[in-house]
Amino acid sequence: MLGMRLVVFVIGLSPALWLGWQYHQGNLGPFPAEAMLHFSGHTGLILLLLTLAWGFLRRFTGQVAFVATRRQLGLWGFWWLIAHALFWLGGEQGWQWQWIWHELSSVYHLQLGVSILCLLSLLALTSPTRVRQAMPLKIWQWLHRSLYLCIALGILHYWIVIRLDYRLAWTYLAALVLLVLLRLIFLHPPTQKSSKRQTS
């Protein structure tokens with residue numbers, strides 16, 4: 001279990017180390033703030049997709065560690081998207097709140113971004129075990145299944161921003177469709193009997 005937590009920690013932190021190194025080396029181009037903005041958004045989206053995939057890896061491998069570390073991985077994705085928002089607020093807009101409000105009230109893909117962060121904040125706040133146990137199970141499950149919606153809106157957010165090359169957006173969309181199909185195929189979680197059969 002500790003080994004898997006360490007793996008997730010490396011997955012979440014290593015992009016920040018790489019980004020910091022690239023910034024130190026001056027490899028982020030003439031507009032480093034924009035490069036960091038895009039990098040943080042892509043990293044957050046990839047980590048959220050990986051969070052969905054983590055549950056299926058538990059089913060296919062029988063390793064409980066994937067379930068135990070899924071929340072940790074999802075929080076890394078959330079914090080990367082918080083960083084994405086901060087890069088936009090500070091690096092792109094210079095903390096000019098009047099202009100920021102004007103942009104948020106008139107630009108559709110920014111409104112999508114705010115909606116995604118609000119919903120992800122709810123998921124993060126309700127992810128601890130104590131909160132989950134205090135909530136009705138059905139409500140908690142439906143709330144956390146909205147991660148699929150967050151990712152779909154994130155892909156739409158990215159799609160609107162793109163001007164030329166849509167290949168990466170299509171890749172994200174294909175990954176999400178595959179995960180949704182897997183969800184529909186394996187709609188019910190594995191029973192204890194099947195889990196014991198997998199681990200024996």
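Which helix gives the largest share of the lining of the second largest pocket? I started my notes on this predicted model there. The helix is α4, with 8 residues in the lining.

**Entry 1: the second largest pocket**

I looked up the volume next, and the second largest pocket comes out at about 1100 Å³. Its lining counts 37 residues, and I noted L37, H84, H109, L110 and H157 as the closest to the centre. I also checked which helices contribute at least two lining residues each: α2 (32–61), α4 (70–92), α5 (97–106), α6 (108–125) and α9 (147–161). For the chemistry of this wall, I wrote down 23 nonpolar, 9 polar and 5 charged residues.

**Entry 2: aromatic pairs**

I asked for ring pairs and got 9 of them in the structure. I picked W18 with F39: the ring centres are 5.2 Å apart and the planes sit at 25°. The pair counts as stacked because that angle falls under the 30 degrees cut-off. W18 belongs to helix α1 (residues 2–24) and F39 to helix α2, so I logged a link between distant parts of the chain, 21 residues apart.

Then I pulled W95 with W97. Those two form a tilted pair, 6.0 Å centre to centre with 45° between the planes. Two numbers go down for each pair because a pair of aromatic rings is described by the distance of the centres and the angle of the planes.

I also wanted to know which residues form one aromatic cluster with W18. They are F39 and W80.

**Entry 3: F39 and W18 up close**

F39 lies in helix α2. Are W18 and F39 buried or exposed? Neither label applies: W18 is partly exposed at 43% relative accessible area, and F39 is partly exposed too, at 22%. F39 gets the middle label because buried would need a value under 20%.

I listed what F39 touches, leaving out residues up to four places away in sequence: P15, W18, L19 and W80. So W18 turns up as a contact of F39 and as its stacked partner, and W80, another contact, sits in the aromatic cluster with both. I also took a C-alpha to C-alpha distance from F39 to S146: 24 Å in space, with their positions 107 residues apart in sequence.

**Entry 4: the loop between α4 and α5**

Two residues from this loop went into my notes, W95 and Q93.

W95 has a phi near 60°, which is positive in a residue other than glycine. I flagged that because most residues other than glycine have a negative phi. W95 is partly exposed, with a relative accessible area of 44%. Its ring partner W97 reaches 54% and counts as exposed, because that value is over 50%.

Q93 reads 11% relative accessibility and counts as buried. Which residues does Q93 touch, not counting those up to four places away in sequence? I found W88, W99, I100 and E103.

**Entry 5: T126**

T126 sits in the loop between α6 and α7 (129–134). Its relative accessible area is 10%, so I put it down as buried. What does the side chain of T126 make a polar contact with? The partner is the side chain of H144, at 2.8 Å. Leaving aside neighbours within four places in sequence, I also listed the contacts of T126: V131, R132, M135, W140, L143 and H144. H144 thus appears both in the contact list and as the polar partner.

**Entry 6: two distance checks**

Q141 is found in helix α8 (residues 137–145). At 24% relative accessibility, Q141 is partly exposed. I compared its place with that of L168: they are 27 residues apart along the chain, and their C-alpha atoms are separated by 30 Å.

The other check was V7, in helix α1. V7 is partly exposed, with a relative accessible area of 40%. How far apart are V7 and T69 in space, C-alpha to C-alpha? I got 9.4 Å, for a separation of 62 residues in sequence.

Key
Residues are numbered from 1 along each chain as its sequence is written. This is a predicted model: local features need pLDDT of at least 70, side-chain atom pairs count only at pLDDT 80 or more; totals for chains, interfaces and linings use all residues. Side-chain values use heavy atoms; hydrogens and water are left out. On a 1 Å grid over the protein atoms alone, a cavity is a set of points where a 1.4 Å probe fits but cannot get out, and a pocket is an open set with protein on both sides within 12 Å along at least five of seven lines; lining residues have an atom within 4 Å of a point. Grid points are joined across faces, edges and corners, and a volume is the space filled by probe spheres set on the points. Helices (H or I, at least four residues) and strands (E, at least two) are DSSP runs, numbered from the N terminus. Ala, Val, Leu, Ile, Met, Phe, Trp, Tyr, Cys and Pro count as nonpolar, Asp, Glu, Lys and Arg as charged, and the others, Gly among them, as polar. Buried means under 20% relative accessible area, exposed over 50%, partly exposed in between (1.4 Å probe, protein chains only). A polar contact is a pair of N or O atoms within 3.5 Å; within protein, one must be able to donate a hydrogen and the other to accept it, and residues adjacent in sequence count only if both atoms are side-chain atoms. Contact means heavy atoms within 4.5 Å. Rings of Phe, Tyr and Trp (its six-membered ring) pair if their centres lie within 6.5 Å; planes under 30 degrees apart count as stacked, over 60 as edge-to-face and the rest as tilted.
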